[in-house]
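Please consider the structure shown below, with attention to how one residue relates to its strand, its neighbours and the surface. The explanation proceeds from that residue outward.

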Amino acid sequence: MLMVDEPFEGLDIRAQEQVCALLEKEAQRRLVIVASHVLPTALSIDKHVVLEEANVENIGLHKRQLA
């Protein structure tokens, strides 16, 4: 298992894409848990958990929201 905390914070889009590629490569071999306020569009997510003030608000399949 690999857990990362805020891996995209302060990165430009290109650097975020590179981190996403590395995380997705690792996710082929093992469970990857990402804690982040930033959600790059390049990141493929199977499931997500939303925490609000230490309460679990939602657990489910990730659905991308298009702006």
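In this predicted model, Met3 has a relative accessible area of 57%. Because a residue counts as exposed when this value is over 50%, Met3 is classed as exposed. The residue belongs to strand 1, which spans residues 2-5.

The exposure of Met3 can be placed in a wider surface context. Together with Met1, Leu31 and Ile33, Met3 forms a nonpolar patch on the surface. The combined accessible area of these four residues, Met1, Met3, Leu31 and Ile33, is about 440 Å².

One member of that patch, Ile33, is also tied to Met3 through strand pairing: Ile33 in strand 2 is the bridge partner of Met3. The pairing extends to Val4, whose bridge partner in strand 2 is Val34. Overall, strand 1 and strand 2 (residues 32-35) run parallel and are joined by 4 bridges. Between these two strands the chain passes through helix 1, formed by residues 13-27, and the resulting β-α-β crossover is right-handed.

The separation along the sequence may be set against the distance in space. Met3 and Ala35 lie 32 residues apart in sequence, yet their C-alpha atoms are 7.8 Å apart.

A general principle is relevant when side chains along a strand are inspected. In a regular strand, side chains alternate between the two faces of the sheet. For Met3, located in strand 1, the picture thus combines a bridge to Ile33 with membership of a nonpolar surface patch and a relative accessibility of 57%.

Key:
Residues numbered from 1 in each chain as written. Predicted model: local features only at pLDDT ≥ 70, side-chain atom pairs only at ≥ 80, totals over all residues. Heavy atoms only, no water. Patch = residues over 30% accessible without salt bridge, like charges linked within 9 Å, V, L, I, M, F, W, Y side chains within 5 Å. Areas by Shrake-Rupley, 256 points an atom, 1.4 Å probe, with all protein chains shown as cover. Salt bridge = Lys/Arg side-chain N within 4 Å of Asp/Glu carboxyl O. Buried < 20%, exposed > 50% of the residue type's maximum accessible area, 1.4 Å probe, protein only. Pairing = 2+ DSSP bridges. Right-handed = clockwise from strand over helix to strand, strands pointing away.
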